[in-house]
Amino acid sequence: MANKIKIDKLSLFLIPIGIAVNFIGGQIALLLKLPLYLDAIGTIVVGALCGVVPGIIVGLVSNVLNSISDPITLFYAILNIMFGIAAAYLSKKGVFKSFGKTLLSSLLFALIGGGLGSLMTWVLYGFDFGTGTSSIFAIPLHETLGLPKFLSQFIAEFGMDIFDKVLTVIAAFGILQAIPTRFLAKLPLGKIYIKDADLALEDED
Amino acid sequence: MDSEFINSFRSYQKTGNFWLDLNPITKLNICLAFAFSALIMLDWRYGIPLCLACCVVALLAGKFKVFFDMYGKVCMIVILFVTIVRQIGMRTGNVTPFINIFGWQWYLESFVAGWDRITFILGFSGSLILFFATTPMRDLMYSFEQLGMSHENSFIMLASMQNIIDLKKASVTILESQKSRGIETDGNILVRAKAFFPTLGPLLLGAIASTEEKAIAMDARAFSVKRKHTFLRELAPASTTQKTLSIAAWVFCAATLVFRFIR
């Protein structure tokens, strides 16, 4: 990974923080009894601040470490990797600078998590419902409304993911706004988040 | 006692247990080959013996408690969900009644199909959990470094694991502090969701702020030096027998693929 593609030192030290935050987000959600994953905040923050490669590494390693206790999560690593890539792309486009655009970006993340996630579940569980919380909603949709199984799984996962990703991007937005300018200036994509007033001050100096 | 401790680092690290003393790469090869064979076979008659074999190896390695703490949870969730889901999903067509539980008719075909899927997931999970339960991450990273992986990658893995432990402790402290300040952590889902941000914010910003100091501290300890690194703990390299075991495991995995196609 890091020996082939050069990653600057500060990004390298931010990667383990991002991975840990992915875990802790889920942990706090559990402590607060929230029926959400909140396990992509670290990937999105690191992807937005450090670029595609660190974002991918955070996503991949988070799932590898998660697979220690639940190996099936290894198959879902592709979702977290795509969150990292999407975060870096959206960050370069300046999406995370505006609260409205950040909220809208949750749709894309939910589409990856819910859409691609339901497809993964569909294949992994032999074209049937999975074992996640979403199945609790998917089965009644199939049973009572008579919707096809895949559509029920998709609606349930996307519906759950949209709430999850709204909270995730709000948290990521708050963090990106709160990071000191001095620190942002040293990160590959950090300059995007330096406020114009701070840049003007820098120019005056 | 001090000299005994010091001398323990002069030779290769050994525990006296065959499975634990295998080189981590050999162990990884064996476990991955068996995990993939479960995916290939997709049959309860192969999956159940594989799951039992994982339990036996964990028992012989003296790590059954660690192994079963994780594996037991996965087993419970997968068995419960997949069995129920299959009974709901496969009720029509050419199906044979199996048992009746309080008026709920179960069918044989959906039960067998469910168990094929359950053992596929549990066989795969069991092999990997066995590997992680019996292999310390630092040993795995050491072995990868011996194969030429960058020490920066090792740092990412090991620092992540340490950060998870540290931040987990800090998150509980922050949550308790925020509670004592009056932030509501009980109530409806929106109230609880609102409490998420004051907990995560200080945690993450504190961690980010410490990154710069960590970078300086690591550089002061020659983290970026481009030369061969030394290690306090050394593991025995994989012997010819161990290499043969790895190859045999992958040959077995390939054989299951051939068997599946022939069948």
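Which residues touch the most other members of the largest nonpolar core? In this predicted model, they are Leu49(A), Phe96(A), Phe109(A), Phe67(B) and Phe196(B), picked out of a core of 109 residues. Helix 1 of chain A, residues 9-31, gives this core its largest share, with 12 residues. Chain B takes part through two domains: at least three residues come from each of domain 1 (2-135 + 234-262) and domain 2 (147-220).

Let's look at one of those well-connected residues. Setting aside neighbours within four places in sequence, Phe109(A) is in contact with Phe96(A), which is also on the list above. The other contacts of Phe109(A) are Ile44(A), Phe83(A), Ala86(A), Ala87(A), Leu90(A), Asp161(A), Lys165(A) and Val169(A).

There is also a second, separate core, made of six residues. Among them are Phe129(A) and Ala156(A) from one chain, and Val85(B) and Ile88(B) from the other.

Now for chain B and its helical stretches. An unreviewed UniProt entry lists residues 20-40, 46-64, 71-90, 110-133 and 244-262 of chain B under "transmembrane region". Two of these ranges can be set beside the model. Residues 110-133 of chain B are 100% helix and 0% strand, with end C-alpha atoms 33 Å apart. Residues 244-262 of chain B are likewise 100% helix and 0% strand, and here the end C-alpha atoms are 26 Å apart.

Chain B has a hairpin too. Strand 1 (residues 97-101) and strand 2 (residues 104-107) of chain B pair in the antiparallel sense over three bridges. One bridge joins Ile101(B) to Trp104(B) in strand 2. Two residues sit between the strands, and in this hairpin Phe102(B) takes a positive phi near 45°.

Where else in chain B does a residue other than glycine, such as Leu42(B), have a positive phi? The table puts Leu42(B) beside Ala222(B), each with its loop.

| Residue | Phi | Loop in chain B | Relative accessible area |
|---|---|---|---|
| Leu42(B) | near 45° | between helix 2 (24-41) and helix 3 (44-60) | 24% |
| Ala222(B) | about 65° | between helix 9 (196-220) and helix 10 (240-262) | 38% |

Are these two loop residues buried, exposed or in between? Leu42(B) counts as partly exposed because its relative accessible area of 24% falls between the 20% and 50% cut-offs. Ala222(B), at 38%, is partly exposed as well.

Note on methods. Residues are numbered from 1 along each chain as its sequence is written. Chains are lettered from A and ligands numbered from 1 in the order in which they are written. This is a predicted model: local features need pLDDT of at least 70, side-chain atom pairs count only at pLDDT 80 or more; totals for chains, interfaces and linings use all residues. Side-chain values use heavy atoms; hydrogens and water are left out. Two strands pair if DSSP finds at least two bridges between them. Helices (H or I, at least four residues) and strands (E, at least two) are DSSP runs, numbered from the N terminus. UniProt positions are given in the numbering used here, feature names are shortened, and annotations may be inferred rather than shown by experiment. Buried means under 20% relative accessible area, exposed over 50%, partly exposed in between (1.4 Å probe, protein chains only). A nonpolar core is a set of buried Ala, Val, Leu, Ile, Met, Phe, Trp, Tyr and Cys residues joined through side-chain atoms within 4.5 Å. Domain bounds come from an automatic or database domain assignment. Contact means heavy atoms within 4.5 Å.
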